[in-house]
Amino acid sequence: MFAAADSLWMARALRLAELGLYGTSPNPRVGCVLVKDGEMAGEGWHAKAGEPHAEVHALHMAGAKAHGATAYVTLEPCSHLGRTPPCADALIAAGVARVVAAMQDPNPLVAGQGLERLRKAGIKVEFGLMEAAARELNIGFHARMTHGMPWVRSKIAASVDGRTALNNGESKWITSADARQDVQHWRARSCVVLTGIGTVLADDPQLNVRGMATPRQPLRAVVDSALRLPPDAQLLRQRGLLVYTAAEDAAKAALLEQAGAQVVRAPAAAGQVDLQAALRDLAARGANEVLVEAGSKLNGRLLKQDLVDELLLYLAPQFLGDLGRGMAALGELTALEQRIELEWRDVRHVGRDLRIMARLKKD
């Protein structure tokens with residue numbers, strides 16, 4: 001049974017973990033607070049992959065006060081040697097008396113081993129405090145570790161009647177500047193921004209983070225089945241572009257690679273890219289969260305294949321008419337049993353627009 005003070009300190013650890021929201025990929029976001037005699041002795045968070053973990057920062061701040069303290073950690077301390085030494089060993093060496101973890105680490109290299117190592121060292125170990133909040137913070141890391149897939153979040157800007165553009169393709173701008181700036185936050189926390197070749201040819205987007213400070217830019221990826229990406233596209237003006245294709249045109253691939261892209265073949269039926277294979281490839285590259293910013297065709301394919309986990313909908317207070325372009329090309333549904341159902345998670349104003357967070361109901 002956890003005490004009220006335990007919840008207060010774990011809440012503090014979770015707030016610290018959020019400070020690493022934009023920079024820890026492919027690692028999880030983790031916060032740690034060391035408490036002794038009811039007072040904070042040290043605290044820290046993981047800021048960037050390859051740098052010290054949250055526990056190490058907290059122990060360094062606490063110094064000798066760490067001996068006999070309670071460590072509140074949002075994720076089970078690691079027990080394996082990666083880019084940095086195991087945090088479980090550091091807590092043991094410091095003489096910590098108790099460790100409270102929000103959740104076990106889903107990484108198979110840890111998966112309870114860190115907590116067990118602490119127990120064997122005589123440290124009192126408890127976990128499960130505010131676990132839901134900790135999992136939400138690392139929802140992509142959890143998905144990648146347990147399913148080998150990233151968490152796929154599709155962002156769609158539309159009118160209140162569900163139109164993303166006029167019939168002639170004009171779409172700038174449906175939503176407000178406030179909504180467009182809010183999107184930058186979601187790009188910054190994502191490991192990859194994924195789009196389709198239709199969007200690239202129509203809009204020539206950059207898909208980078210703008211107007212806010214971020215320690216890194218997300219990788220960009222394009223689904224381009226026939227290698228139609230122009231070598232002068234804005235996406236190629238920055239490093240870090242993956243092009244997923246079903247084409248075997250070595251000459252086109254060479255041109256794009258000379259321009260700075262990495263071309264990955266992922267063929268499926270009918271000359272299209274195997275989207276599940278592409279997402280698994282992104283996960284293998286360490287992608288926890290993928291933000292889809294695409295048109296109705298790619299959104300439709302992802303939805304029909306049950307590859308979207310979450311929708312980020314920005315709805316503008318306007319009508320664009322029944323001839324405007326829709327959110328997702330799903331084809332005709334002939335029975336209600338074929339519908340794709342959602343669960344509302346959050347609704348709020350962003351400027352003049354509504355931002356709706358919804359999760360796809362999974363079987």
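A cavity is a set of grid points where a 1.4 Å probe fits but cannot get out, and its lining residues have an atom within 4 Å of a point. The close-up views below are of a predicted model.

**View 1. The second largest cavity and its lining.** This cavity encloses about 40 Å³ of space. Its lining is made up of Leu194, Val223, Tyr244, Leu275, Ala278, Leu279, Leu282 and Leu302. Helix 10 (residues 275-284) contributes four residues, the largest share of this lining. By class, eight residues of the lining are nonpolar, with no polar and no charged residues.

**View 2. The largest cavity, one of two cavities of 30 Å³ or more in the structure.** About 60 Å³ of space lies in the largest cavity. It is lined by 13 residues, and Thr24, Asn27, Arg29, Asn138 and Asn288 are the closest to its centre. The lining of the largest cavity divides into three nonpolar, six polar and four charged residues.

**View 3. The largest pocket and the residues nearest its centre.** The volume of the largest pocket is about 1,300 Å³. Its lining holds 46 residues, with Thr199, Asp203, Glu293, Ala294 and Gly295 nearest the centre. Sorted by class, the lining of the largest pocket has 17 nonpolar, 16 polar and 13 charged residues.

**View 4. Helices and strands around the largest pocket.** Three helices that each supply at least two residues of the lining are helix 7 (177-189), helix 8 (197-203) and helix 11 (296-304). Strand 6 (151-159), strand 7 (163-165) and strand 14 (325-326) also supply at least two residues each. Helix 7 gives seven residues, the largest share of the lining of this pocket.

**View 5. A nonpolar patch on the surface.** The patch is formed by Ile340, Leu342 and Trp344, which together have about 300 Å² of accessible area. One of these residues, leucine 342, belongs to strand 15 (residues 342-350). Leucine 342 has a relative accessible area of 31%, and because partly exposed covers values between 20% and 50%, leucine 342 is classed as partly exposed.

**View 6. Proline 230 and leucine 256.** Proline 230 sits in the loop that runs between strand 9 (219-223) and strand 10 (241-245). The relative accessibility of proline 230 is 24%, so this residue counts as partly exposed. In sequence, proline 230 and leucine 256 are 26 residues apart. In space, the C-alpha to C-alpha distance between proline 230 and leucine 256 is 8.0 Å.

Notes:
Residues are numbered from 1 along each chain as its sequence is written. This is a predicted model: local features need pLDDT of at least 70, side-chain atom pairs count only at pLDDT 80 or more; totals for chains, interfaces and linings use all residues. Side-chain values use heavy atoms; hydrogens and water are left out. On a 1 Å grid over the protein atoms alone, a cavity is a set of points where a 1.4 Å probe fits but cannot get out, and a pocket is an open set with protein on both sides within 12 Å along at least five of seven lines; lining residues have an atom within 4 Å of a point. Grid points are joined across faces, edges and corners, and a volume is the space filled by probe spheres set on the points. Ala, Val, Leu, Ile, Met, Phe, Trp, Tyr, Cys and Pro count as nonpolar, Asp, Glu, Lys and Arg as charged, and the others, Gly among them, as polar. Patches are made of residues with over 30% relative accessible area and no salt bridge: like charges are joined within 9 Å, nonpolar side chains (Val, Leu, Ile, Met, Phe, Trp, Tyr) within 5 Å. Accessible areas come from the Shrake-Rupley method with a 1.4 Å probe; for residues, only the protein chains shown count as cover. A salt bridge is a side-chain nitrogen of Lys or Arg within 4 Å of a carboxyl oxygen of Asp or Glu. Buried means under 20% relative accessible area, exposed over 50%, partly exposed in between (1.4 Å probe, protein chains only).
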